[in-house]
Amino acid sequence: MLDQETRDYVGGGLQKDEYGADEVIEVACPLCGSNDKDLIYVEHGAIGISQCRPCRLIYASPRLKSPEQVYWGDAERYFEEARLIYAGKAASHRDPNYLEELDLIESFKPTGRFLDVGCNLGMLLRHAVKRNWTACGVEPSPSLFALARERLGLSVHNCFLHELDEGQVGKFDIIALSDVFEHICDPLAILGEVKRLLTDDGIVYIKVPNGNWNLFKQRLYGLMGRRPATLRRTSRWSRRCVDGDVA
Ligand SMILES: [Zn+2]
């Protein structure tokens, strides 16, 4: 049973339930550059999930004009979000995921220098440190950076990945982008930065949402009477989702 403190959960960040058309922009496919796409569904009022016709990549368009600013939240609210974890009174609800991710990474490389890109509050990074990785994070948000460093004592750089000086930070055996890559406006450019900071036999770990699962989830919401995202019947993906053969 949840205690009062757990029920008082407060989410940090500046994400909104609804966005207007003036807060988003249409963008070309980040993989092949094409503008030829089908809109699959719309969530939070104006954010689109689209599929590129030539290369079939599913990506966000229209997307927020400045997606990184979602994480420019107030430090006090972020602290509220994680205060039970910082106090040792609760685990993160994502801890099982983090441990599974580290198990997977360690099955390829058991130890070494670990960089967590977009480490947020340091929830994955703290597990990496406990498991004897020489680990640090990079986090552009000043408030998230401060909390990860001051509350958890983690080594975190307050900048974007491309601002990390290889001469200062060295190269890494693992560079992890866990629930980060889908937020990157220019994914090919960030892969170049990853390559710059990776050892010759290093490993890039990327975890992104499962497109099939998310489309299936939207359909389930509709069946359960919860407000679904606006599904469009303009693509093979959306037809499969609406017609019920995505599982
Ligand atoms: Zn494409």
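The paragraphs below lead through a predicted model, from the chain as a whole to its sheet, two of its helix packings and one loop residue.

The protein chain holds nine helices and eleven strands. Of the 247 residues in the protein chain, 28% are buried. If one takes the contacts between residues at least 6 apart in sequence, 60% of them join residues that are at least 24 apart.

A convenient place to begin is the sheet. Five strands make up an open sheet, and their order across it is S8-S7-S6-S9-S10, with parallel pairing. Its edges are formed by S8 and by strand S10, which spans residues 198-207, and each of these two strands pairs on one side only. As a general matter, the strands of a sheet pair through backbone hydrogen bonds, either parallel or antiparallel.

Within this order, strand S9 (residues 172-178) repays a slower look. Strand S9 and strand S10 run parallel and are joined by six bridges, while the pairing of S9 with strand S6 (residues 113-117), also in the parallel sense, extends over three bridges. Ile175 can serve as a point of reference here, since it appears in both pairings: Leu115 stands opposite Ile175 in S9, and Ile175 in turn stands opposite Val204 in S10. Further along, Ser178 stands opposite Lys207 in S10. Strand S9 is also mostly covered, with six of its seven residues buried.

From the sheet we may turn to the helices, starting with H3 and H4. The axes of helix H3 (residues 95-108) and helix H4 (residues 123-130) come within 10 Å of each other and cross at roughly 50 degrees, which means that H3 is oblique to H4. The crossing of these two helices is right-handed. On the side of H3 the contact is made by Tyr98, Leu99, Glu101 and Leu102, and on the side of H4 by Met123, Leu124, His127 and Ala128. Sorted by character, the residues of this contact between H3 and H4 comprise six nonpolar, one polar and one charged. In an α-helix there are 3.6 residues a turn, so residues three or four places apart point the same way.

Helix H4 returns in the surroundings of helix H5, which covers residues 142-152 and has Ser143, Leu144, Phe145, Leu147 and Ala148 as its buried residues. These buried residues of H5 pack against helix H2 (75-86), H4, strand S7 (134-138) and strand S8 (156-157), and both of those strands belong to the sheet described above. Just after H5, the backbone at Gly153 takes a positive phi of about 65 degrees.

The last stop is Glu182, whose place is in the loop between S9 and helix H7 (187-197). Is Glu182 buried, exposed or partly exposed? Because 15 C-beta neighbours lie inside 10 Å, Glu182 counts as partly exposed; burial would require 20 or more, and exposure 12 or fewer. Leaving aside residues up to four places away in sequence, Glu182 touches Val208 and Pro209. Glu182 and Ile58, finally, are 124 residues apart in sequence, and the distance between them in space, from C-alpha to C-alpha, is 10.0 Å.

Methods. Residues are numbered from 1 along each chain as its sequence is written. This is a predicted model: local features need pLDDT of at least 70, side-chain atom pairs count only at pLDDT 80 or more; totals for chains, interfaces and linings use all residues. Axes are lines fitted to C-alpha atoms, for helices over the stretch in contact, and angles run from 0 to 180 degrees between N-to-C directions. Helices (H or I, at least four residues) and strands (E, at least two) are DSSP runs, numbered from the N terminus. Angles under 35 degrees count as roughly parallel, over 145 as roughly antiparallel, 65 to 115 as roughly perpendicular and the rest as oblique. A crossing is left-handed if the near helix is turned anticlockwise from the far one by less than a right angle, and right-handed if clockwise. Two residues are in contact if their C-beta atoms, placed from the backbone, lie within 7 Å. Ala, Val, Leu, Ile, Met, Phe, Trp, Tyr, Cys and Pro count as nonpolar, Asp, Glu, Lys and Arg as charged, and the others, Gly among them, as polar. Two strands pair if DSSP finds at least two bridges between them.
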